[in-house]
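Visitor: I would like to go through this protein with you. Shall we take it in short questions and answers?

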Amino acid sequence: MESDESVEEYIETLAGRLDGFERSTTTVDDQRVPVFHDRSLSLSKFGLVDTVFVVGTADAASQARAFSEAAFEHGLSLKSKFPRGLGGNLVVYPVVVSETDLADWVRQYGPKHWSSFEFPVVVDPTEGTADYDESSPLWGVIYYKGFRKTAETTIKP
């Protein structure tokens, strides 16, 4: 696993990029993790969008998957009261900090949720890399381009 120092440095770098997001700490999948949350109006998504970044660690694909699923569930707890699909939207970026090669896992993991998105990104701050699913489901072509841009410009170390 990454050294605690490199993880903390990465989190502080990410926090600077997410200036304006509300920062909190919670427990997700048995990890004490930072959470960054913002709610904004988006005409392209037809309503309020809650955007959530949850940063944790994993040493194996099974741990990364469990963390990603738990991060999405935490994001649901932060979402506006508007129903999904009727003015309430959610985008969760589970950010898995790991020096283990989890690129195959993240490229194959394709979670699907009703009118909300779980877009995991695996980062290695010491190598300066960010891995994520580069494909787009047909129904989400417009959105996934933006998710990948966020992974490259905001999440990548």
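Visitor: Leaving aside neighbours within four places in sequence, which residues is His74 in contact with?
Guide: First, the ground rules: this is a predicted model, where local features need pLDDT of at least 70, side-chain atom pairs count only at pLDDT 80 or more, and totals for chains, interfaces and linings use all residues. Residues are numbered from 1 along each chain as its sequence is written, and side-chain values use heavy atoms, with hydrogens and water left out. Contact means heavy atoms within 4.5 Å. With neighbours within four places in sequence set aside, the contacts of His74 are Thr26, Val28 and Val35.

Visitor: Is His74 buried or exposed?
Guide: Buried means under 20% relative accessible area, exposed over 50%, and partly exposed in between (1.4 Å probe, protein chains only). The relative accessibility of His74 is 17%. His74 is therefore buried.

Visitor: Which element holds His74?
Guide: Helices (H or I, at least four residues) and strands (E, at least two) are DSSP runs, numbered from the N terminus. By that assignment, the place of His74 is helix α2.

Visitor: What span does α2 reach from its first C-alpha to its last?
Guide: Helix α2 covers residues 61–78, which is 18 residues. The expected span of a helix is 1.5 Å times one less than its number of residues. For α2 that gives 26 Å, and the helix comes close to it, reaching 26 Å.

Visitor: Why do the buried residues of α2 line one face?
Guide: The buried residues are Ala64, Phe67, Ser68, Ala71, Phe72, His74 and Gly75. The arc is that of the directions from the helix axis to the C-beta atoms. Down the axis of α2, the buried residues line one face because they fall within an arc of 160 degrees.

Visitor: Which exposed residues does α2 carry on the face turned away from its buried side?
Guide: Look across from the buried side of α2. The exposed residues there are Ser62 and Ser77.

Visitor: Which residues are buried in α4?
Guide: Helix α4 spans residues 141–155 and reaches 20 Å, close to the 21 Å expected. Its buried residues cover an arc of only 165 degrees, so they sit on the same side of α4. The face turned away carries exposed Ile142, Lys145, Lys149 and Thr153. Buried in α4 are Tyr144, Phe147, Arg148, Thr150, Ala151, Thr154 and Ile155.

Visitor: How many residues of β4 are buried?
Guide: Strand β4 runs over residues 88–97. Gly88, Leu90, Val92, Pro94 and Val96 point one way, Asn89, Val91, Tyr93, Val95 and Val97 the other, and all are buried. The count is ten of ten.

Visitor: Which residue in β6 stands opposite Val97?
Guide: Two strands pair if DSSP finds at least two bridges between them. Strand β4 runs parallel to β5 (residues 116–118), with three bridges, and Leu90 stands opposite Ser116 there. Three bridges also join β4 to β6 (residues 121–124), again parallel. Opposite Val97 in β6 is Val123.

Visitor: In which sense do β6 and β7 pair, parallel or antiparallel?
Guide: Strand β6 is covered on both faces, with Val121 and Val123 buried on one side and Val122 and Asp124 on the other. Asp124 has Thr129 of β7 as its bridge partner. Four residues lie between the strands of this hairpin, where Gly128 takes a positive phi near 75 degrees. Over three bridges, the pairing is antiparallel.

Visitor: Which residue's side chain makes a polar contact with the side chain of Asp131?
Guide: Asp131 lies in β7 (residues 129–131) and is buried at 19% relative accessible area. A polar contact is a pair of N or O atoms within 3.5 Å; within protein, one must be able to donate a hydrogen and the other to accept it, and residues adjacent in sequence count only if both atoms are side-chain atoms. At 3.1 Å, the partner is Arg107.

Visitor: In what order do the elements of the protein run from the N terminus?
Guide: The protein has four helices and seven strands. From the N terminus, the order is α-β-β-β-α-β-α-β-β-β-α.
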